[in-house]
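Trainee: I am new to this structure and would be grateful for a close look at one part of it, followed by an account of how that part sits in the whole.

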Amino acid sequence: MNIAAWSIIISEIAFWIVILMGLITRYILNREKLGFVLLALTPVIDCILLVVTSIDLHRGSTATTAHALAAIYIAVSLVFGKSMIHWADERFRYLVTKEGSKPVRKQGIEFAKHYFKSWIKHVIAFLIGAGILFGLITYIDDPTRTEALSSVLQIWSIVLGFDFIITVTYFIWPRKAKV
């Protein structure tokens, strides 16, 4: 595995460790401000990943799928990070500290609207990630070294289209409550 692949793995692990540390600090140690600071560190992990992969490419590495995934990881983390932290916070509070109400599973048109909002976030993440990938492709300016970046961008475009189709189906066939 190359440096970009290891960077992604380490970043993902660090992301969830920082979130877990923030939640433990907030709810178990009752240090709400320190917990908030730890949770706010998650974008720093993204910046480190961006720097590491950029340096790797600058030094002459041929871009791999791992480099492209780093751009996707950064974009998804930026756009979905707050909602992922909220999701983890809500469940941690309920399951570990036994505080708050049980998280409600959305259904019907409410779920369809929620999924549509997530699709809009997916579009925003795509635009950010595509911008990063296009920036790397332009910076390297060597199609033979950036072929993987272009390929992943094409695949992500298809995935975004499929995600839209799935979104529409939830409006046509709303998700029913589990009995």
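With which residue does Arg 26 form a salt bridge, and how far apart are the closest N and O atoms?

Mentor: The partner of Arg 26 is Asp 89, and the closest N and O atoms of the two are 3.2 Å apart. A salt bridge here is a side-chain nitrogen of Lys or Arg within 4 Å of a carboxyl oxygen of Asp or Glu. Arg 26 lies in helix 1 and Asp 89 in helix 4, so the pair ties together parts that are 63 residues apart in sequence.

Before going further, the basis of these values should be stated. This is a predicted model, in which local features need pLDDT of at least 70 and side-chain atom pairs count only at pLDDT 80 or more, while totals for chains, interfaces and linings use all residues. Residues are numbered from 1 along each chain as its sequence is written, and side-chain values use heavy atoms, with hydrogens and water left out.

Both members of the pair, Arg 26 and Asp 89, are buried; buried means under 20% relative accessible area, exposed means over 50%, and partly exposed lies in between (1.4 Å probe, protein chains only). For Asp 89 the relative accessible area is 8%. Asp 89 also forms a salt bridge with Arg 93, where the closest N and O atoms are 3.3 Å apart. These two residues both belong to helix 4 and stand four residues apart, about one turn of the helix. Arg 93 counts as partly exposed because its relative accessibility is 25%. Arg 26, Asp 89 and Arg 93 are thus linked in a network of salt bridges.

The structure holds three salt bridges. One of them joins the side chains of Glu 90 and Arg 91, at 3.0 Å from N to O. Glu 90 has 27% relative accessibility and therefore counts as partly exposed. Arg 91, at 24%, is partly exposed as well. As a general matter, side chains of opposite charge can pair when their charged atoms come close.

Arg 145, in helix 6 (residues 143-172), offers a contrasting case. Arg 145 is buried yet has no salt bridge, and the nearest side chain of opposite charge, that of Asp 142, is 4.7 Å away. Leaving aside neighbours within four places in sequence, Arg 145 is in contact (heavy atoms within 4.5 Å) with Leu 57, Gly 60, Ser 61, Thr 62, Ala 63 and Ile 140.

The charged side chains may also be viewed across the whole chain. There are 18 positive and 12 negative side chains, and the centres of the two sets lie 12 Å apart. Lys and Arg count as positive and Asp and Glu as negative, without His and the chain ends; the place of a charge is NZ of Lys, CZ of Arg, CG of Asp or CD of Glu.

The helices named so far belong to a chain with six helices and zero strands. Helices (H or I, at least four residues) and strands (E, at least two) are DSSP runs, numbered from the N terminus. Helix 5 (residues 108-140) has 33 residues and reaches 47 Å from its first C-alpha to its last, close to the 48 Å expected at 1.5 Å a residue; that expected span is 1.5 Å times one less than the number of residues. Just after helix 5, Asp 141 takes a positive phi of about 50°.

Two loop residues also have a positive phi. Asn 30, in the loop between helix 1 (3-28) and helix 2 (32-40), has a phi near 55°, and at 63% relative accessibility Asn 30 counts as exposed. Lys 98, in the loop between helix 4 (65-95) and helix 5, has a phi near 60° and is exposed, with a relative accessible area of 65%.

At the start of the chain, Asn 2 lies in the segment before helix 1. Asn 2 and Ala 66 are 64 residues apart in sequence and 8.0 Å apart in space, C-alpha to C-alpha. Not counting residues up to four places away in sequence, Asn 2 touches Thr 64, Ala 66 and His 67.

For the chain as a whole, 37% of the 179 residues count as buried. Among contacts between residues at least 6 apart in sequence, 76% join residues at least 24 apart. The C-alpha trace spans about 55 × 45 × 25 Å along its principal axes.
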